[in-house]
Amino acid sequence: MWEEEGVKRTPAPDPCALCPAGTTCPPEKEVHEIDESLIFYKKRELEACVDAALLAAQMDRVNAIPFTYEQLDVLKHKLDELYPQGYPESVIRHLGHLFLKMSPEDIRKWNVTSLETLKALLKVSKGHEMSAQAATLIDRVVVGRGQLDKDTVDTLTAFCPGCLCSLSPERLSSMPPSIIGAVRPQDLDTCGPRQLDVLYPKARLAFQNMSGSEYFVKIRPFLGGAPTEDLKALSQQNVSMDLATFMKLRREAVLPLTVAEVQKLLGPHVEGLKVEEQHSPVRDWILKQRQDDLDALGLGLQGGIPNGYLILDLSVRGGGCCSRGSRLVLRRWPSRQD
């Protein structure tokens, strides 16, 4: 209570101040439609007065109402209780900013097939730390549609560049080679070796009727999944691979290449090896080459096998505490004078 001009006044009671969760909504607070009047409801009032079925039926109105994050928490809780096995797509497509409250675990329960739903939620997530949620949503769309089809790829390239690489190798394997041409170089920037291992054979098949520079331009973004034999073949085609592409090649594919093959593969860009000599795969490749061959490049590359020595790969087989695995050692090859 407080006094004003000598008169004692009692503040109007909060009808839900003492209401535990799940209690009956006060009659004057009953909700018959989702509208802007709800922004004045306290969390406990929303919990007591908003019917979950009504909320689900009028989800298209929620995004137009400036709810606070705390109020959105209440609305999400109501939907979670109504749909414990996952929301139906009729609700998902209208989530709007409520999507920002979803966790990857929530999204894994969904079955999404509509690309319009995907577009709407990707727009909402833009500018927020929602990469895990977006990746899970994309995964659910691919599963729901049965494969990574051209319409889905086109949607990802338009609304979420780089999101293609969020998909697992298993999901990427569902992409038909015929649509690989819809993938742009920037869409592959964040792809790892496992994803490129799946995409490269598809690209090679898709571009097999091309030749020369046309083929190389198309296949270049996928070369992180190329095997040694394909790199050897490219070295005979005067492709002049740039260093950025070379540095993304699989280490295992680069190591067997000879100095002559790398020189032909890179063409005028071979000088860039000096800048990258301390970084993999260049560093590891240098260690496998004869120093005489490296010297012939005239780049000052150091660390190759000295003249008159061999590299032996010693493996201590068997388990136990004394197993050391594989070791590389230098052994001098006896000359005739010895």
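These legends describe close-up views of a predicted model.

**View 1. Helices H7 and H9 run side by side and are roughly parallel.**
H7 covers residues 115-125, and H9 covers residues 150-159. Their axes come within 11 Å. The crossing angle is roughly 15 degrees. Angles under 35 degrees count as roughly parallel, so that is the term for H7 and H9. The crossing of H7 past H9 is right-handed. On the H7 side, the contact uses Leu-115, Leu-118, Lys-119, Leu-122 and Lys-123. On the H9 side, Asp-151, Thr-152, Thr-155, Leu-156 and Phe-159 take part. Sorted by class, this contact holds five nonpolar, two polar and three charged residues.

**View 2. Residues around the largest cavity.**
The structure has one cavity of 30 Å³ or more. The largest cavity encloses about 30 Å³ of space. Its lining includes Val-153, Leu-156 and Thr-157. Leu-156 also belongs to the H9 side of the contact with H7. Further lining residues are Cys-160, Pro-161, Gly-162, Cys-163 and Leu-164. Asp-187 is part of the lining as well. The class count for this lining is six nonpolar, two polar and one charged.

**View 3. Helices H13 and H16 cross left-handed.**
H13 spans residues 228-235, and H16 spans residues 259-266. The two axes come within 8 Å. They cross at roughly 65 degrees. From H13, the residues in contact are Leu-231, Lys-232, Leu-234 and Ser-235. They meet Glu-261, Lys-264 and Leu-265 of H16. This contact comprises three nonpolar, one polar and three charged residues.

**View 4. The largest pocket and its lining.**
The volume of the largest pocket is about 320 Å³. In total, 16 residues line the pocket. Nearest its centre lie Leu-188, Leu-196, Arg-220, Pro-221 and Lys-248. Two helices, H11 (193-206) and H14 (243-247), each supply at least two lining residues. By class, the pocket lining has eight nonpolar, three polar and five charged residues.

**View 5. A positive phi at Asn-238.**
Asn-238 sits in the loop between H13 and H14. H13 is the helix that crosses H16 in View 3. H14 is one of the helices that contribute to the pocket lining in View 4. Phi of Asn-238 is near 55 degrees. That is a positive value in a residue other than glycine.

**View 6. A cis peptide bond leads into Pro-281.**
The bond runs from Ser-280 to Pro-281. Its omega is near 10 degrees. Pro-281 is placed in the loop between H16 and H17. H17 covers residues 282-287. H16, on the other side of this loop, is the partner of H13 in View 3.

Key:
Residues numbered from 1 in each chain as written. Predicted model: local features only at pLDDT ≥ 70, side-chain atom pairs only at ≥ 80, totals over all residues. Heavy atoms only, no water. Axes fitted to C-alpha atoms, helices over the stretch in contact; angles between N-to-C directions. Parallel < 35°, antiparallel > 145°, perpendicular 65-115°, else oblique. Left-handed = near helix turned anticlockwise from the far one by under 90°. Contact = heavy atoms within 4.5 Å. Nonpolar A, V, L, I, M, F, W, Y, C, P; charged D, E, K, R; others polar. 1 Å grid on protein atoms, 1.4 Å probe; cavity = no way out; pocket = protein on both sides within 12 Å on 5 of 7 lines; lining within 4 Å. Points joined across faces, edges and corners; volume = space filled by probe spheres on them.
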